[in-house]
Amino acid sequence: MEMFKGYDPGRFYDEMFGGDGSVRKHCAPLLKKFGKLDQRDFLARKANSELYFLRQGITFNVYHDDRGTERIFPFDPIPRVMPAAEWEHLEAGLTQRIVALNLFLHDIYHDQQILKDEVIPRFYIEQAKHYRPEFRGVDVAADTYIHICGSDLIRGGDGVYYVLEDNGRCPSGASYLLENRNALKRAFPGIFESLGVRPVDSYPRDLLNMLHHISPRQDKDPVCVLLTPGCYNSAYFEHCYLAREMGIDIVEGKDLVVVDKFVYMRTTRGLLRVDVIYRRIDDDFIDPVVFRKDSVLGVPGLMNAYKAGNVSLANAVGTGVADDKVIYYFVPRMIEYYLGQEPILPNVPTYLASEAEDMKYILKNLPELVVKAANESGGYGMLMGPTASKDEIEAFRERIVADPRNYIAQPVISLSTSPTWCEGAMEGRHIDLRPYIIYGKDVKIVPGGLTRVALTKDSLIVNSSQGGGSKDTWVLR
Amino acid sequence: MLSRVANTLYWMVRYVERADNLARLIDVNQQLLLDFESLDSERLRGFWQPIILSTGDEDAFAKLYDTTGSAEVIRFLTNDPKNPNSITSCIALARENARTVRDQLSDELWEELNSLYLFSRSDEAQSLFDADPPRYYENIRRSAMTFLGIAASTTSRNEAWEFMDLGRHLERADKTTRFLDVSSYLPAAAEGQDAISPGVLHWTATLRSCGAMGAFRATRRDITAETVVDFLIFSKDFPRSVRYCMEKVDISLHLISGTPRGSFSNEAERESGRLLSDLNYGSTKDVFETGLHEYLDALQGRFNHIGGEIFETYVLMPERVQISPGPKPPTLSDAAVWRMEQQQSAS
């Protein structure tokens, strides 16, 4: 316990300590194990885990450094622990959500019943930046659009989990979830014993099973590939990692060719037909004939093969409409509309600038709110009211009034904290959780997910591009 | 397998092999010079100039350096980032190639190459290079050897392996001819000196560069131009002899295509078969009749020919089926920047 001495959970919901400073029951066995380590041993093991990431090449490049220095993504060895019941609740909520999202996407790309019934105003869909009207009426494999979803969950001061956003395009980070576990096992093998931590290693298998499930050729073993933008993409490590774990080829656009609406890859023995593409390239870049004409990464003609049903894509084309933060607002309504159920996991309260009442509220309360552009991510295009300058607030006010469809606002949620090693002491840092939901024959969610941590004191931004790190996530049996 | 992947594996191994060979060459030459006590800078130049000439990088060197002293040559060949063929550049290129086919490599294999890369850019490497060069080069060689050992024990013997093997043996054969060719550029004064003949010293160094000293001694007695050339070109058993390497190249080529040996289904196989039979039935007499330098030069030309044909057959050919070419940006460097930017923003 020595290392946790003087730990102050502050006024936030802390994952390990209650408000009165007592250890939460499900964390007690872990703390006891960590208590047996002295600080020097702890630091040596922490350094060891960092070396593991460096040698594995799980790094990003530091720009403007001609020696090509590489850094690892910061990894904090204190895991985030979650009791079984809590996870079951999240699992049920996330499953409900992905089912509803897929019904919604199928609907708006076919009959648009939800628009006809005026549950969602039509113009929100039609003006969504990533809606692809040219794909209306196209049937996709298994009627599924989002095969892999990386929803971001946060926990407020009330201890309640909220869905912050659903990432239904190309969510990344699953490899970190797997490698964090590997690194922790190597550095602290002792702490896992007899704690009943659920394993996470089924992820690549679940992913591959899903890819097989959506193959257009069910009579034979499908040829699946992972389509990457290339080795300069910041997630390239992950692409290689997942491809290798699944035992499938990783391809770049130039490795694929479309002949008569079939997709082939160029091999040393000639052309080989491809059935399923796990694509890690956005719609915009995937086929220069249909989308961005200047894309050098895509596969000309791919959309023809896709529309003809000769190749399946995971995720399908056009899922970006569900990532629109205005559409996010309607997810609880989708759940009620399609499933006739109450949402298990709530959204963060959200105000739409296009609604007159909401607009009034937003403009009046800007200094207290978080404002987000509908189609930005990674912490960009955002106004953090409480910490913003007057000028910034006024600049956003103008933007919101000029283009209300493009903005939403939410109250600031104080993310829960988790003890994190910060240069010599254990301190509380804000965290979120990104579980990875796979929708194949059925829904599979690897226990836990990627816990991201904002390493800067008091910061609520966990994105790796803005000083975020990550932790291992333990779901207990 | 994917054509691009085959090509990348081939180059990954070639670059590791190149770094390894350079490390040997420099290390041995540095040690050789210790045997000559009073070399003035003019004589020193006489020793380092041939090294640059034999690697074929004399133009690149001349652009970067004014003098051909040992410090300049050693820096140029070892860790000058401006020389694309320096040891550290080769390591970086090998690692960059490995990175793009990371999924094809075992964890251990990647880790070894990545560690070598991290070492080559570390402060530790720099201080070792300054203070204890033999240990610096030993580190490089050891890691390159470990890399090959891990590759051999963790790679399935499939096409991927054969393309890696091709790269290794073509590069090795090429480097062996270049080590031999150093003698062609030695100043005349270096031959036939007093008590210790620099000729013997030179050929000893060549054998050492190839790690061939022990193997040579086991079958030959005198160290002369003829015996060394015979051993390093025509030995049937020594793994760095040109003949041995070409035998391996020929085997790999036929395993890849499935064509029986002794026949051919592409130009690379045809040229390798012809070259191999020249080596199988040739002798040092042919070499010295042709002239050592001319003979080695011709060999290098034929290696390049085979390398080019491998690329043509397995990498370029599938490219030709493309029926709807994408937009072509104007120049190559623009295209590279363009591609890189899109890769960073496309997911």
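This is a short tour of a predicted model with chains A and B, going from chain B across to chain A.

**Stop 1: chain B**

Start by colouring chain B by secondary structure. You will find 17 helices and 0 strands. Of its 347 residues, 44% count as buried. Now turn to the contacts within chain B between residues at least 6 apart in sequence: 66% of these join residues at least 24 apart.

Next, select B:L9, B:A19 and B:A94. These residues have the most contacts inside the largest nonpolar core, which has 223 residues. Show helix α1(B) as well, since it gives the most to this core, with 15 residues. To see one spot in detail, centre on B:A94. Leaving aside residues up to four places away in sequence, B:A94 touches B:M12, B:Y15, B:V16, B:A19 and B:L113.

**Stop 2: where chain B meets chain A**

Bring both chains into view. Here 34 residues of chain B are in contact with 42 residues of chain A. Which helices of chain B each supply at least two residues of the side that touches chain A? Select α1 (3-33), α5 (87-100), α6 (107-120), α16 (292-319) and α17 (332-345) of chain B to see them. The largest share, 6 residues, comes from α17(B). If you colour this side of chain B by residue class, expect 14 nonpolar, 11 polar and 9 charged residues.

**Stop 3: two crossing helices in chain A**

Hide chain B and select residues 203-213 and 236-246 of chain A. These are helices α8 and α9, which pack with their axes 9 Å apart and at an angle of about 75°. Angles of 65 to 115 degrees count as roughly perpendicular, and so α8(A) and α9(A) are roughly perpendicular to each other. Show the side chains of A:P204, A:L207 and A:L208 on α8(A), then A:L242, A:E245 and A:M246 on α9(A); these residues make the contact. By class, the contact has 5 nonpolar, no polar and 1 charged residues.

**Stop 4: the sheets of chain A**

Begin with the open sheet of 4 strands, whose order is β14-β17-β15-β16 with antiparallel pairing. The edges are β14 (351-352) and β16 (382-384) of chain A; each has a single partner strand, so one side of each is left without a neighbour in the sheet. Zoom in on β15 (residues 369-373) and β16(A), which pair in the antiparallel sense over 3 bridges. Within β16(A), A:M382 stands opposite A:K372. Now add residues 390-402: this is helix α16 of chain A, which packs on the sheet and touches β15, β16 and β17 (407-411). The direction of α16(A) makes about 135° with that of β16(A).

Move on to an open sheet of 3 strands, in the order β4-β20-β21 of chain A, again with antiparallel pairing. Its edge strands are β4 (148-149) and β21 (443-445), each pairing on one side only. Strand β20 (residues 437-439) is joined to β21(A) by 3 bridges, and A:Y439 stands opposite A:V443.

For a hairpin, select residues 262-267 and 270-273 of chain A. Strands β10 and β11 pair here in the antiparallel sense over 4 bridges, and 2 residues link them. A:R266 has A:L271 in β11(A) as its bridge partner.

**Stop 5: backbone details in the loops of chain A**

Centre on A:A314 and A:N315. A cis peptide bond joins them, with omega about -5°. A:N315 lies in the loop between β13 (312-314) and α12 (320-323) of chain A.

Then go to A:Q112, in the loop between α3 (84-108) and α4 (113-116) of chain A. This residue is not a glycine, yet its phi is positive, near 60°. A:Q112 counts as partly exposed, with 14 C-beta neighbours inside 10 Å.

A:A142 also has a positive phi, about 55°, although it is not a glycine. Look for A:A142 in the loop between α5 (122-126) and β4 of chain A. Is A:A142 buried or partly exposed? A:A142 is partly exposed, with 17 other C-beta atoms within 10 Å.

Finish at A:D38, in the loop between α1 (28-35) and α2 (39-56) of chain A. A:D38 is exposed, with 10 other C-beta atoms within 10 Å. For a last distance, pick the C-alpha atoms of A:D38 and A:P79: these residues are 41 apart in sequence and 17 Å apart in space.

How values were computed:
Residues numbered from 1 in each chain as written. Chains lettered and ligands numbered in written order. Predicted model: local features only at pLDDT ≥ 70, side-chain atom pairs only at ≥ 80, totals over all residues. Pairing = 2+ DSSP bridges. Axes fitted to C-alpha atoms, helices over the stretch in contact; angles between N-to-C directions. Parallel < 35°, antiparallel > 145°, perpendicular 65-115°, else oblique. Contact = placed C-beta atoms within 7 Å. Nonpolar A, V, L, I, M, F, W, Y, C, P; charged D, E, K, R; others polar. Buried ≥ 20, exposed ≤ 12 C-beta atoms within 10 Å, placed from the backbone. Core = buried A, V, L, I, M, F, W, Y, C linked by C-beta atoms within 7 Å.
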